[in-house]
Amino acid sequence: MNTNICQGDSFLVGTTYYNTTGTHVTVIPKTYCDSVVTLNLTVDPTPSAAVAGPDQILCNTTSFTMAATAPATGTGAWSIVSGTATITTPSSPTTTITGVAAGTSVTLRWTVSSGVCPVNTDDVTIQHDELPVATAGPDQTLCNTSSFTMAANTPSAGTGAWSIVTGTAAITTPSSPTTTVTGVAAGSSVTLRWTVSNGVC
């Protein structure tokens, strides 16, 4: 009876041995006995917390500069959640964002990832307020009346409000561009101001 065993510390490959029962033993090289499988085990570090920076509202500009925190562990990337804009360098925490139309806002997300670990995210909103335009209308001189009708522009962006700069009068509807102004005494004049405001502009 022949018995094959694998190479061990006390056997030489290719040498024939006999055990105490006279059994013929042949030592087989270990490479024929075992299959070797190599595994690479990698532990990915937990990514840093995502800090996208503060929300921003700017007037009359289409370009914003982000202020995210660069991650100590992992890599960061910007993406657009809602709205329309262009991210100049998505991997930069301080990238510029362009193409934000007047009167619109964009929500951006700063995502920090590390291998197969769950990602961390933080959102930030940027808003472009349109520059308002105010036109109060022409000066008016009327005879024998204490009531005037204003002719200011209706704002395309923002809201308007009348106020009295000098003189005495009563403004019927301060938010209306075409409000009436009463109580102007004969022989007197009143200076009025039409102010249009929009967000941070």
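Strand 13 and strand 14 (residues 180-182) are joined by 2 bridges and run antiparallel. A strand here is a DSSP run of E, at least two residues long, while a helix is a run of H or I of at least four, and both are numbered from the N terminus. Two strands pair if DSSP finds at least two bridges between them. Within this pair, I171 stands opposite V181 in strand 14.

Before going on, the source of all this. This is a predicted model, in which local features need pLDDT of at least 70 and side-chain atom pairs count only at pLDDT 80 or more, while totals for chains, interfaces and linings use all residues. Residues are numbered from 1 along each chain as its sequence is written, and side-chain values use heavy atoms, with hydrogens and water left out.

Back to the sheet. Strands 13 and 14 belong to an open sheet of 3 strands, in the order 11-14-13, with antiparallel pairing. Strand 11 and strand 13 (170-171) are at the edges with a single partner strand each, so one side of each has no neighbour in the sheet. As a general point, side chains in a regular strand alternate between the two faces of the sheet.

Now the whole protein. It has 15 strands and 0 helices. Of its 201 residues, 25% count as buried. Buried means under 20% relative accessible area, exposed means over 50%, and partly exposed is in between, with a 1.4 Å probe and protein chains only. The accessible surface comes to about 12400 Å², and 54% of that belongs to carbon and sulfur atoms. Those areas come from the Shrake-Rupley method with a 1.4 Å probe; for residues, only the protein chains shown count as cover. For contacts between residues at least 6 apart in sequence, 55% join residues at least 24 apart. Contact means heavy atoms within 4.5 Å.

Next, strand 10 and its partners. Strand 9 and strand 10 run antiparallel, joined by 9 bridges, and V112 stands opposite N120 in strand 10. These two strands form a hairpin with 6 residues between them, where G115 takes a positive phi near 55°. Strand 4 also pairs with strand 10, but this pair runs parallel, with 4 bridges. There, C59 stands opposite D129 in strand 10.

One residue of strand 10 to look at is H128. Is H128 buried or exposed? At 5% relative accessibility, H128 counts as buried. A polar atom of the H128 side chain lies 2.8 Å from the backbone oxygen of V100. For reference, a polar contact is a pair of N or O atoms within 3.5 Å; within protein, one must be able to donate a hydrogen and the other to accept it, and residues adjacent in sequence count only if both atoms are side-chain atoms. Not counting residues up to four places away in sequence, H128 touches a list of residues including L58, C59, N60, V100 and T104.

N60 deserves its own mention. It sits in the loop between strand 4 (56-59) and strand 5 (64-65). Its phi is near 55°, a positive value in a residue other than glycine. N144 also has a positive phi, of about 55°, and is not a glycine. N144 is in the loop between strand 10 (120-129) and strand 11 (148-149), and at 79% relative accessibility it counts as exposed.

On to the aromatics. How many aromatic pairs does the structure hold? The structure holds 2. Rings of Phe, Tyr and Trp (its six-membered ring) pair if their centres lie within 6.5 Å; planes under 30 degrees apart count as stacked, over 60 as edge-to-face, and the rest as tilted. W78 and W110 have ring centres 5.0 Å apart and planes at 45°, so this pair is tilted. The pair links distant parts of the chain, with W78 in strand 6 (residues 75-82) and W110 in strand 9 (residues 104-113), 32 residues apart. W78 is buried at 5% relative accessible area, and W110 is buried at 0%. W162 and W194 form a tilted pair too, at 5.1 Å centre to centre and 40° between the planes. That pair also links distant parts of the chain: W162 is in strand 12 (residues 159-166) and W194 in strand 15 (residues 191-197), 32 residues apart. Both W162 and W194 are buried.

Last, T75, which is in strand 6. T75 counts as exposed, at 53% relative accessibility. Leaving aside neighbours within four places in sequence, T75 is in contact with T111, V112 and S113. T75 and S91 are 16 residues apart in sequence, and their C-alpha atoms are 7.7 Å apart in space.
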